[in-house]
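Here is a friendly tour of how the pieces of this model pack together. Have the viewer ready to rotate as you read.

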Amino acid sequence: MATAEQLKSLIKSHYDSDNERFSTIALQLAANEARKGHNNLAHQLKNIIDKGRKKPPLKVIPHTNNLSDLIQYSETPNRLSQLIVSDELKERINRIIREYLQKGKLSKHGFSHRRKILLTGPPGTGKTLTASILSNELKIPFYIILVDKIVTKYMGETSAKLRQIFDFIGENTGVYLFDEFDAIGTERSRDNDVGEMRRVLNAFLQFLEQDNSNSFIISATNNINMLDQALFRRFDDVLFYDLPDKKQAIDLIRNKLANFKYDFEIENISTSSVSGLSQSEISQACDDAVKETILSDRLKVTKNLLLEMLLNRRAVYGSKRK
Ligand SMILES: Nc1ncnc2c1ncn2[C@@H]1O[C@H](COP(=O)(O)OP(=O)(O)OP(=O)(O)O)[C@@H](O)[C@H]1O
Ligand SMILES: [Mg+2]
């Protein structure tokens with residue numbers, strides 16, 4: 001139940017036409033209910049508030065508590081059709097989208113849509129891209145949390161910073177990507193104050209567990225082996241990314257060259273010229289080939305040029321993996 005003070009403030013804010021105050025108190029009521037374990041009611045209240053509020057995305061992060069230092073608003077027009085991953089992974093991403101779009105239906109039965117998600121896999125395989133796609137497909141703003149900076153710049157007050165970030169997440173529905181999550185998700189982080197890292201990780205897990213917003217909390221990491229096992233069960237879903245197989249590489253090249261002319265069959269690109277390269281590296285090789293074609297005033301990308309650019313990417317980045 002709401003307290004007498006809350007009820008009075010709620011009614012007063014209505015007659016004062018103070019929508020922000022009204023929403024704040026209504027959110028407090030929802031949080032009260034959640035604390036009492038009335039998750040179903042709390043979710044229904046949240047959904048009503050979110051619908052009624054229709055806040056424009058907060059593009060400029062407030063300087064309060066230096067949040068602007070740690071949260072970045074990002075806008076990219078990426079769509080699901082651009083993402084080249086296995087059918088199974090695509091299906092899981094589709095399920096995340098479907099659950100959000102029908103979250104009202106789920107909350108009536110006491111369920112929350114899956115929204116705490118761990119993405120793991122090698123560099124350049126589409127983790128950040130996926131977070132931005134979710135934001136576009138669901139039409140909610142995309143924010144990147146600079147985990148690395150929280151840990152390095154605010155060492156010692158990291159837990160307090162995390163609390164402020166989670167408060168922000170609760171107040172502003174969005175897709176939040178905790179990028180380079182390894183910085184707190186592992187005990188072997190740089191500077192290596194293991195005790196501090198443990199505390200930070202525990203604080204993160206606690207905030208993650210308590211969070212009952214509608215926001216997506218997405219953590220991305222390159223190295224799942226380094227992550228604490230306790231993490232896994234706190235997430236609604238763990239998605240595994242991988243380098244593309246031959247078919248995916250071909251699909252990716254076809255997508256990337258779709259707006260340009262080329263004089264060869266993409267299917268005939270050999271496996272060896274793409275194997276071991278990430279989606280990011282193949283994308284860049286395609287861009288390089290198109291750029292080179294434009295600069296040399298040619299009309300079509302040739303197979304040899306594309307193969308050369310793929311080889312260059314392998315030389316630049318491939319060596320880093322060994
Ligand atoms: N699965 C994919 N499908 C299509 N394009 C991709 C995919 N993965 C990567 N790309 C391309 O490479 C770019 C960089 O990928 P992204 O930033 O998503 O990689 P990441 O997995 O987050 O890597 P990191 O671990 O280094 O952060 C994307 O913007 C996109 O152009
Ligand atoms: Mg990334």
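In helix α5, residues I93, I96, I97 and Y100 meet T130, L134, E137 and L138 of helix α7; contact here means C-beta atoms, placed from the backbone, within 7 Å. Helices are DSSP runs (H or I, at least four residues), numbered from the N terminus. Please keep in mind that this is a predicted model, in which local features need pLDDT of at least 70, side-chain atom pairs count only at pLDDT 80 or more, and totals for chains, interfaces and linings use all residues. Residues are numbered from 1 along each chain as its sequence is written, while chains are lettered from A and ligands numbered from 1 in the order in which they are written.

The α5 contact with α7 holds 6 nonpolar, 1 polar and 1 charged residues.

A second helix pair joins the first in this table.

| Pair | Angle | Axis distance |
|---|---|---|
| α5 (87–101) and α7 (127–138) | about 35° | 11 Å |
| α13 (246–256) and α15 (279–295) | about 35° | 10 Å |

For α13 and α15, the contact involves A249, L252, I253 and K256 on one side and Q279, I282, S283 and C286 on the other.

Now to the interior. The largest nonpolar core (buried Ala, Val, Leu, Ile, Met, Phe, Trp, Tyr and Cys joined through C-beta atoms within 7 Å; buried means 20 or more other C-beta atoms within 10 Å of a residue's own) has 62 residues, of which I145, Y176, L177, I184 and I218 touch the most other members. Apart from this core lies another, of 7 residues, including F22 and I25.

Note on methods
A residue is buried if 20 or more other C-beta atoms lie within 10 Å of its own, exposed if 12 or fewer, and partly exposed in between; C-beta atoms are placed from the backbone. Axes are lines fitted to C-alpha atoms, for helices over the stretch in contact, and angles run from 0 to 180 degrees between N-to-C directions. Helices (H or I, at least four residues) and strands (E, at least two) are DSSP runs, numbered from the N terminus. Two residues are in contact if their C-beta atoms, placed from the backbone, lie within 7 Å. Ala, Val, Leu, Ile, Met, Phe, Trp, Tyr, Cys and Pro count as nonpolar, Asp, Glu, Lys and Arg as charged, and the others, Gly among them, as polar.
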